[in-house]
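Visitor: Hi, I have a structure open and would like some help reading it. Could we go through a few of its parts together?

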Amino acid sequence: MAKSSAGDKIREMNYSRFINAVSAARKISPIRELTELTLRSPPSLISMAGGAPNPNTFPFKSASIRVRDGTTITIGEDMMKQALQYSSSLGIPDLVSWLKNLQKSLHNPPTANYSPEKGQMDLCVTTGSQEALSKVFDMLINSGDNILLDAPTYSGTLATVLPLGCNIINVPNDRQGIIPQALKEVLSRWRPEDATLPKLLYTIPNGSNPTGTSLTMERKQKIYQIARDYDLLIIEDDPYYFLQFEKPWIPSFLSLDVDGRVLRADSMSKIISSGLRIGFLTGPKPLIERIVLHIQTSTMHTSTLSQVMLSQLLHQWGEKGFLMHVDSVVEFYRKQRDAMLASAEKWLTGLADWYCPNAGMFLWIKIHGISDTNQLIMEKAFKKEVLFVPGKAFNIESSDPSPYVRASFSIPTPEEIDQGLQRLASVIKENI
């Protein structure tokens with residue numbers, strides 16, 4: 001696995017510099033601490049400390065779940081009692097262990113064997129990667145802070161950070177994502193010691209939502225070095241990592257992280273199930289610990305039943321079986337992408353521009369002759385029974401016009417994709 005191009009001495013990270021006052025003030029919940037202690041205790045322990053409900057009162061006794069490969073996952077009575085009960089805020093141990101091993105296998109993080117205070121790699125399970133990102137921003141951002149991201153970007157991220165009162169600074173990007181030289185020019189406004197220097201850079205490195213762009217390895221190495229030079233944290237939001245259409249997969253920022261400055265959000269939503277609501281956050285232990293303290297006071301933990309279902313599946317598959325499943329999912333979405341590209345070529349040539357995404361679920365289409373697509377999509381295209389997302393939904397300033405639309409190829413059939421883009425072409429022709 002590739003390592004950082006910056007082979008010099010590891011930088012000492014001062015994590016207290018990044019954590020805001022609210023996050024720094026969080027303390028371990030005494031009740032949650034007792035719950036964690038009980039979970040690690042021998043069966044002979046008699047506990048009258050917790051407030052957990054008696055599992056003998058739960059109406060569900062067992063479950064048998066059929067998997068597409070013909071196998072079955074069985075959750076027996078004893079395991080069902082655990083699955084329906086409170087569990088660790090970090091995640092159930094079997095799942096956390098499996099996911100840590102996966103991260104080490106896929107990314108080989110340099111920090112895996114560091115000491116905890118030096119930024120040792122740690123991991124927690126979250127209720128989807130959205131919870132992970134929301135809590136990361138809540139931990140790091142103060143009102144008035146400057147933060148960096150490449151827009152247009154995921155509307156869910158914008159909805160999370162805008163109310164925090166920070167100043168969002170857009171880093172110029174192109175078809176290969178963030179432009180390292182542009183990032184350097186933006187940061188050159190500050191000296192490394194300035195109090196107003198941005199603390200974090202947020203990016204979706206693979207199959208970016210909405211643009212479909214993917215950062216190259218060369219750019220990641222340059223961006224990571226810039227992050228070292230300016231002491232930035234990198235928030236690597238990578239829900240489409242497993243949906244890269246070409247192998248070998250591009251190594252992650254986590255694989256380059258010799259300092260412990262990357263927080264990586266992964267998701268099972270796109271490859272296993274979105275309804276299970278399971279994501280996982282990987283990063284330096286001092287920061288993961290802060291996230292877990294926040295989880296203790298909010299969701300308390302990700303659904304134990306969802307975690308048990310996933311853990312049973314992953315242990316049954318093993319890493320090899322998991323990656324075989326991922327390959328089948330990738331093949332499905334590759335065919336969907338190719339169908340959309342063929343239909344775009346047929347119906348939108350001369351009316352719009354687009355490029356082939358190397359990962360993800362989206363085609364980012366720039367309409368000719370129209371400065372803003374909002375009315376075109378929300379009113380006129382909708383009347384022709386086709387719907388996309390107008391580009392302005394992904395702008396930092398939602399009032400700014402955008403000539404783009406985001407087309408998702410995840411759900412519609414190739415026939416529906418073809419018909420939908422034909423309808424879009426008809427709408428464009430009527431309005432230019």
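Visitor: At what angle do helix α7 and helix α8 pack, and how far apart are their axes?
Guide: Keep in mind that this is a predicted model. In it, helix α7, residues 180-187, packs against helix α8, residues 217-229, at an angle of about 15°, and their axes are 9 Å apart.

Visitor: What does that angle make α7 relative to α8, roughly parallel or roughly antiparallel?
Guide: Angles under 35 degrees count as roughly parallel, so the angle makes α7 roughly parallel to α8. The crossing in which α7 passes α8 is right-handed.

Visitor: Which residues meet there?
Guide: From α7 the residues are P180, L183, K184 and L187, and they meet R219, K222, I223 and I226 in α8. Sorted by class, this contact of α7 with α8 has five nonpolar and three charged residues, with no polar ones.

Visitor: Switching to sheets, what is the strand order in the one with seven strands?
Guide: That open sheet runs in the order β3-β11-β10-β9-β8-β4-β5, and its pairing is mixed. On average, neighbouring strands of this sheet are turned by 20° against each other, if direction is ignored.

Visitor: Which strands stand at its edges?
Guide: The edges are taken by β3 (121-126) and β5 (167-170), and because each has a single partner strand, one side of each is left without a neighbour in the sheet.

Visitor: And β4 with β8, do they run parallel or antiparallel?
Guide: Strand β4, residues 146-149, and strand β8, residues 200-203, run parallel and are joined by two bridges. If you look for L148, you will find that this residue stands opposite L201 in β8.

Visitor: Which helix lies across β3 and β8?
Guide: That is helix α5, residues 128-140, which also lies across β9 (233-237), β10 (262-267) and β11 (279-284), and which runs at about 155° to β10.

Visitor: Okay, what about the sheet with four strands, what order is that in?
Guide: The order in this open sheet is β12-β13-β15-β14, with antiparallel pairing. Its edge strands, β12 (352-353) and β14 (389-390), each pair on one side only.

Visitor: How many bridges are there between β13 and β15?
Guide: Strand β13, residues 362-367, pairs with strand β15, residues 404-408, over five bridges in the antiparallel sense. Here W364 stands opposite R406 in β15.

Visitor: Last one, which strands does helix α11 lie across?
Guide: Helix α11, which spans residues 304-348, lies across β12, β13 and β15, and its direction is at about 15° to β13.

Note on methods. Residues are numbered from 1 along each chain as its sequence is written. This is a predicted model: local features need pLDDT of at least 70, side-chain atom pairs count only at pLDDT 80 or more; totals for chains, interfaces and linings use all residues. Side-chain values use heavy atoms; hydrogens and water are left out. Axes are lines fitted to C-alpha atoms, for helices over the stretch in contact, and angles run from 0 to 180 degrees between N-to-C directions. Angles under 35 degrees count as roughly parallel, over 145 as roughly antiparallel, 65 to 115 as roughly perpendicular and the rest as oblique. A crossing is left-handed if the near helix is turned anticlockwise from the far one by less than a right angle, and right-handed if clockwise. Contact means heavy atoms within 4.5 Å. Ala, Val, Leu, Ile, Met, Phe, Trp, Tyr, Cys and Pro count as nonpolar, Asp, Glu, Lys and Arg as charged, and the others, Gly among them, as polar. Two strands pair if DSSP finds at least two bridges between them.
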